[in-house]
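Notebook open, coffee poured. I want to look up how the strands pair and what sits in the core.

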Amino acid sequence: MNQDKMITVTGTALNAKAGAVVRTEKGNYYIHELSSWPDSIYEKTVEVTGELTVIDHSQQSGKNAEGKWVQSMRGIQQIIQHAQWKVVPAAQ
């Protein structure tokens with residue numbers, strides 16, 4: 001599964017082992033080529049727009065070519081490429 005489409009998501013800016021992520025009610029969205037959010041944005045509500053790519057990692061075995069166990073990702077990963085974001089002001 002590898003579909004590309006433009007989306008806008010709103011959620012919390014968090015950092016994960018695989019990089020910067022936006023946590024939403026519908027799941028997590030990784031920000032392409034962003035290893036972590038700047039301190040000024042981390043844990044704030046953000047709106048992110050970009051091109052969604054969905055990658056299915058379920059076929060990964062968790063072993064390298066030599067048969068040794070390595071860290072790997074499992075399941076579906078949603079990645080937003082060419083991302084533009086802004087902090088959403090807190091409701092008053």
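I started at the E2–E3 pairing, where Thr24 has Gly27 in E3 as its bridge partner. This is a predicted model, so I keep that in mind for everything below. I then checked the link between these strands: a hairpin takes E2 into E3 through 2 residues. The two strands run antiparallel, and I noted 4 bridges joining them.

Next I asked what else E3 pairs with. It pairs with E5, residues 76–87, in the parallel sense, over 2 bridges. Across from Ile79 in E5 I found Tyr30.

Then I stepped back to the whole chain. I got 5 strands and 0 helices, so the order from the N terminus reads β-β-β-β-β. Of the contacts with a separation of 6 or more, 61% are between residues 24 or more positions apart.

On to the inside. Of the 92 residues, 32% are buried. I looked up the largest nonpolar core, which has 15 residues; Val9, Val22, Ile31, Trp37, Val48 and Ile80 touch the most other members. Strands E1 (4–16), E2 (19–24), E3 (27–31) and E4 (45–56) each supply at least two residues of this core. E4 gives the largest share, with 4 residues.

I picked Ile80 for a closer look. Which residues does Ile80 touch, leaving out those up to four places away in sequence? My list has Ile7, Val9, Tyr29, Tyr30, Ile31, His32, Val48, Thr49, Gly50 and Glu51.

Last entry, the outside: the accessible surface comes to about 6500 Å², and carbon and sulfur atoms account for 47% of it.

Technical notes: Residues are numbered from 1 along each chain as its sequence is written. This is a predicted model: local features need pLDDT of at least 70, side-chain atom pairs count only at pLDDT 80 or more; totals for chains, interfaces and linings use all residues. Side-chain values use heavy atoms; hydrogens and water are left out. Buried means under 20% relative accessible area, exposed over 50%, partly exposed in between (1.4 Å probe, protein chains only). Contact means heavy atoms within 4.5 Å. Accessible areas come from the Shrake-Rupley method with a 1.4 Å probe; for residues, only the protein chains shown count as cover. A nonpolar core is a set of buried Ala, Val, Leu, Ile, Met, Phe, Trp, Tyr and Cys residues joined through side-chain atoms within 4.5 Å. Two strands pair if DSSP finds at least two bridges between them.
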